[in-house]
Amino acid sequence: RGRDERMARTTTVESGDTGENVRGRTERLRSGHRLDAHDFQRHTQTCAYSTYAYLLVIHPKYSRILYKSINMSYLLPHLNSGWEVDQAIVNEEDRVIVIRFGRDQNQTCMVQDEVLMSIAEKVKNFAVIYLVDIDEVPDFNEMYELYDECTTMFFFRNKHIMVDLGTGNNNKINWALAEKQEFIDIIEMVYRGARKGRGLVVSPKDYSTKYRY
């Protein structure tokens with residue numbers, strides 16, 4: 001018990017929160033109150049950080065796996081309904097919308113989400129990244145043929161932008177693209193092409209030999 005209390009104090013301080021704040025938000029959730037977006041994000045990040053720190057002490061070998069899961073689940077914005085997806089695509093006029101369709105706990109999605117998180121800050125001036133769980137939001141599964149474990153698509157001004165990757169499938173990236181700079185290059189190419197009115201752009205790299213459709 002003493003160790004748990006010390007861990008709780010340490011993690012809440014290191015995550016920039018306080019134990020009283022966490023307990024207060026927890027009580028509000030239990031009593032049926034809704035948290036605003038800022039409080040909810042802060043609460044989930046603090047609780048996730050606490051869990052990670054605890055597991056790091058008890059089971060160090062699992063810490064990296066959990067760390068990836070926590071980052072994936074809490075640090076990228078999710079679109080939780082078909083309406084939210086539509087609004088994100090329609091309302092953004094200046095930047096490319098990058099949407100990863102998949103399942104949060106899928107291993108392929110976790111690899112892709114880690115890359116997306118690492119580049120989100122670098123591409124924020126010309127792209128915004130969202131995650132969509134295809135079980136929670138099945139509205140687009142048939143329309144976009146979302147049958148793969150992980151699918152990434154691009155939109156600009158309410159238009160689907162296709163990318164010729166050399167794979168035979170120009171509609172989407174249906175694997176985990178683990179190279180950060182390659183992903184940034186693709187987003188930049190989509191942005192430049194879409195700004196010129198193009199509905200299809202050619203990827204800077206040919207993936208035909210590795211990911212043939």
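**Helices and sheet around Ile119**

Biologist: Which residues does Ile119 touch, not counting residues up to four places away in sequence?

Modeller: Ile119 touches Ile129, Lys180, Phe183, Ile184 and Ile187. The term applies because contact means heavy atoms within 4.5 Å. Please note that this is a predicted model.

Biologist: How far apart are Ile119 and Ile184 in sequence and in space?

Modeller: In sequence, Ile119 and Ile184 are 65 residues apart, while their C-alpha atoms lie 7.1 Å apart in space.

Biologist: Why is Ile119 called buried?

Modeller: Ile119 is found in helix α6, and its relative accessible area is 0%. Buried means under 20% relative accessible area, so Ile119 counts as buried.

Biologist: What makes α6 and α7 roughly perpendicular to each other?

Modeller: The axes of helix α6 (residues 107-120) and α7 come within 10 Å of each other and cross at roughly 70°. Angles of 65 to 115 degrees count as roughly perpendicular, and the two helices are therefore described in that way. Their crossing is right-handed. On the α6 side, the contact is made by Gln112, Val115, Leu116, Ser118 and Ile119; on the α7 side, by Lys180, Phe183, Ile184 and Ile187.

Biologist: How do the residues of the contact of α6 with α7 divide into nonpolar, polar and charged?

Modeller: Six of them are nonpolar, two are polar and one is charged. Lys counts as charged, which places Lys180 of α7 in that class. Val, Leu, Ile and Phe count as nonpolar.

Biologist: Let us turn to the sheet. In what order do the five strands form an open sheet?

Modeller: The order is β2-β1-β3-β4-β5, and the pairing is mixed. Strands of a sheet pair through backbone hydrogen bonds, either parallel or antiparallel.

Biologist: What makes β2 and β5 the edge strands?

Modeller: Strand β2 (127-133) and strand β5 (200-202) each pair on one side only. Neighbouring strands of this sheet are turned by 35° against each other on average, with direction ignored.

Biologist: How do you know that β1 and β3 are joined?

Modeller: Two strands pair if at least two bridges are found between them. Six bridges join β1 (residues 96-102) to β3 (residues 150-155), and these strands run antiparallel. Among the facing residues, Ile99 has Met153 of β3 as its bridge partner, and Arg100 stands opposite Thr152.

Biologist: Which strands does helix α5 touch where it packs on the sheet?

Modeller: Helix α5 (residues 82-91) touches β1, β2 and β3, and its direction makes about 155° with that of β1. Angles over 145 degrees count as roughly antiparallel, so α5 and β1 are roughly antiparallel. Helix α7 (residues 180-195) also packs on the sheet, where it touches β1, β2, β3, β4 (160-164) and β5. The direction of α7 makes about 30° with that of β3. Angles under 35 degrees count as roughly parallel, so that description fits α7 and β3.

Biologist: Why is β3 described as largely enclosed by the rest of the structure?

Modeller: Six of the six residues of β3 are buried, so the description follows. Both faces of β3 are covered: Cys150, Thr152 and Phe154 are buried on one side, and Thr151, Met153 and Phe155 on the other.

Biologist: How many bridges join β3 to β4?

Modeller: Two bridges join β3 to β4, and the strands run antiparallel. At least two bridges are needed for a pair, so this number meets the cut-off. Phe155 stands opposite His160 in β4. The two strands form a hairpin with four residues between them, and Arg157 in the turn has a positive phi of about 50°.

Biologist: What is the phi of Asn158?

Modeller: Asn158 has a positive phi of about 65°, although it is not a glycine. Asn158 lies in the loop between β3 and β4. Glu145, in the loop between β2 and β3, likewise has a positive phi, near 55°.

Biologist: Why does Glu145 count as partly exposed?

Modeller: The relative accessibility of Glu145 is 43%. Buried means under 20% and exposed means over 50%, with partly exposed in between; Glu145 therefore counts as partly exposed.

Biologist: What share of the 213 residues of the protein chain counts as buried?

Modeller: The share is 42%. The chain has seven helices and five strands.

Conventions: Residues numbered from 1 in each chain as written. Predicted model: local features only at pLDDT ≥ 70, side-chain atom pairs only at ≥ 80, totals over all residues. Heavy atoms only, no water. Axes fitted to C-alpha atoms, helices over the stretch in contact; angles between N-to-C directions. Left-handed = near helix turned anticlockwise from the far one by under 90°. Buried < 20%, exposed > 50% of the residue type's maximum accessible area, 1.4 Å probe, protein only.
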